[in-house]
Amino acid sequence: MEEIMEKLLAYVTKSTNSKEIYSTDNIFEKGLVHSLFAMQLILYIEKEFDIELEDEELDFEKIKSVKDIAELVYSKM
Amino acid sequence: MDFEFTKEQKDLKKEVIKFAKNELCDGEHGVFSRELWQKCVDFGLIGMNVPEEYGGMGLDYQTSAILLQALGYACEDSGFVFAITNHLWVCQNLVNELGNKVLKDKYLRGMTEGEYIGCFAITEVESGSDVFQMQTKATKDNDGYVLNGSKMFISNAPIADAFVVIAKTENEQGKETLTAFFVEKNFPGVSIGKKISKMGLEACPMAELCLNNCRVPKENIVYQEHKGMKVANYALQMERVFEFASHIGAMERQMEKCIKYANERKQFAKPIKEYQSVSNKIVDMKVKIELAQLLLYKIAWKADHKKNIFLDSSIFKLFVSESYVATCLDTIQIHGAYGYSKEYGLESELRDSIASTIYSGTSETQRNIIFSLIDII
């Protein structure tokens, strides 16, 4: 779980050009994401963690932080 | 993945080709015909992937892709085909796949039965692929929204009865969001600007859509409030696949014309097909068609299995549109002066094909999207 979180944190930090993001930050409220981010994130997760996600699984109403995303990935592995 | 056609798919494909050749060649080329539209409704084409309970055929995406390719092959007026695919994939399918039951019950049957021709309104004068630059705003008003703004280059607008409009909204936290609305032409405040003259696809007319204090009931929100970006992304990815499926059929038709002409046309006592500079062009067409088909069937399979197709749809759109233009240019080149003359209609197909590298995101935008989606390491 920790390893997943670290990888995701590094990816989100890099892809949103942020200086520092905490695992519990609401990355949507912070205005960090752009229109392609959701698609990039899905493709990154599928490639990095070798799992398949359906569009509906990444419901950004429920999944708002890197911690939430890590928990979803962990549950799929 | 299994792309082997079933007997039903083979039969339906034959039926579509027969129907389009017999029924859709009567109209004046380049002029939209409501009568031909109704024939497509009666045949079942307009409701191909809509559930039977709403008057459709309930076909899956794989079969829909096959039928759209067949339609593009047999109907020589690409503008008319574009009017159909535009209605299907960026309006009707949004109601079908993302609409709630109230919205479906209100509009879906009317769309499959020819009462409503639809289109998608997202582009504005200053905002294309950069959608958050849009100026059209929807302000909350009791149990609905009031829309103000104008949308530009809207395909089907002059013939449409309904529009899926993407507008800026504000959520409870005061954050700027997008929301999609289903707007009827007859709603007060809706007006259509002058028809925009363009170089091709004339049977799919284009105009500006103006919204002036247009009140839309809350029940006409497509999908959910503040989720317009999802609707837009979904519309664009489906459009990039299923509208472009018909272009593969158009390429097949052009290739067949080239083979026929290269067999009949003789220069220096032999058919021009015997010159490799001619036959190689036809071979390149075949390679493009085969690769495009493989991509199409793979993506349709993924769509049927609810898998993500965002990256695939951009790759497919880019490849098909650029292949289509290249095929049209080579078709004219093989036909020489006949190809350049208006009489053979090949020049109009070239003009039509150029639009495919522009609408639904230009080739340049597709390359930007593809790179941003593979630059994830």
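This is a short tour of a predicted model, with a stop at one residue of chain A and then a walk along the contact between chains A and B.

**Stop one: T24(A)**

Start by selecting T24(A), which sits in the loop of chain A that runs between α1 (2-15) and α2 (37-49). Is T24(A) buried or exposed? T24(A) counts as exposed because its relative accessible area is 59%, and the cut-off for that class is over 50%.

Next, add S65(A) and K67(A) to your selection: T24(A) is in contact with both, once its neighbours within four places in sequence are left aside. For a distance to display, pick the C-alpha atoms of T24(A) and V12(A); these lie 12 Å apart, and the two residues are 12 places from each other along the chain.

**Stop two: where chain A and chain B touch**

Now bring up both chains and colour the residues in contact. You should find 17 from chain B and 17 from chain A. About 1600 Å² is buried between the two chains, with carbon and sulfur atoms giving 55% of that area.

Zoom in on E52(A) and K307(B), whose side chains form a salt bridge at 2.3 Å, N to O. The count of salt bridges between the chains is 1, and there are 2 residue pairs in polar contact, both at pLDDT 80 or more.

**Stop three: the chain B side**

Stay with chain B and select α6 (228-264), α8 (310-340) and α10 (363-374), each of which supplies at least two residues of the side that touches chain A. Of the elements on this side, α6(B) gives the most, with 4 residues. Finally, colour this side of chain B by residue class: 8 are nonpolar, 4 polar and 5 charged.

Key:
Residues are numbered from 1 along each chain as its sequence is written. Chains are lettered from A and ligands numbered from 1 in the order in which they are written. This is a predicted model: local features need pLDDT of at least 70, side-chain atom pairs count only at pLDDT 80 or more; totals for chains, interfaces and linings use all residues. Side-chain values use heavy atoms; hydrogens and water are left out. Buried means under 20% relative accessible area, exposed over 50%, partly exposed in between (1.4 Å probe, protein chains only). Contact means heavy atoms within 4.5 Å. Buried area is the accessible area (1.4 Å probe) that two parts lose on being put together, summed over both. A salt bridge is a side-chain nitrogen of Lys or Arg within 4 Å of a carboxyl oxygen of Asp or Glu. A polar contact is a pair of N or O atoms within 3.5 Å; within protein, one must be able to donate a hydrogen and the other to accept it, and residues adjacent in sequence count only if both atoms are side-chain atoms. Ala, Val, Leu, Ile, Met, Phe, Trp, Tyr, Cys and Pro count as nonpolar, Asp, Glu, Lys and Arg as charged, and the others, Gly among them, as polar.
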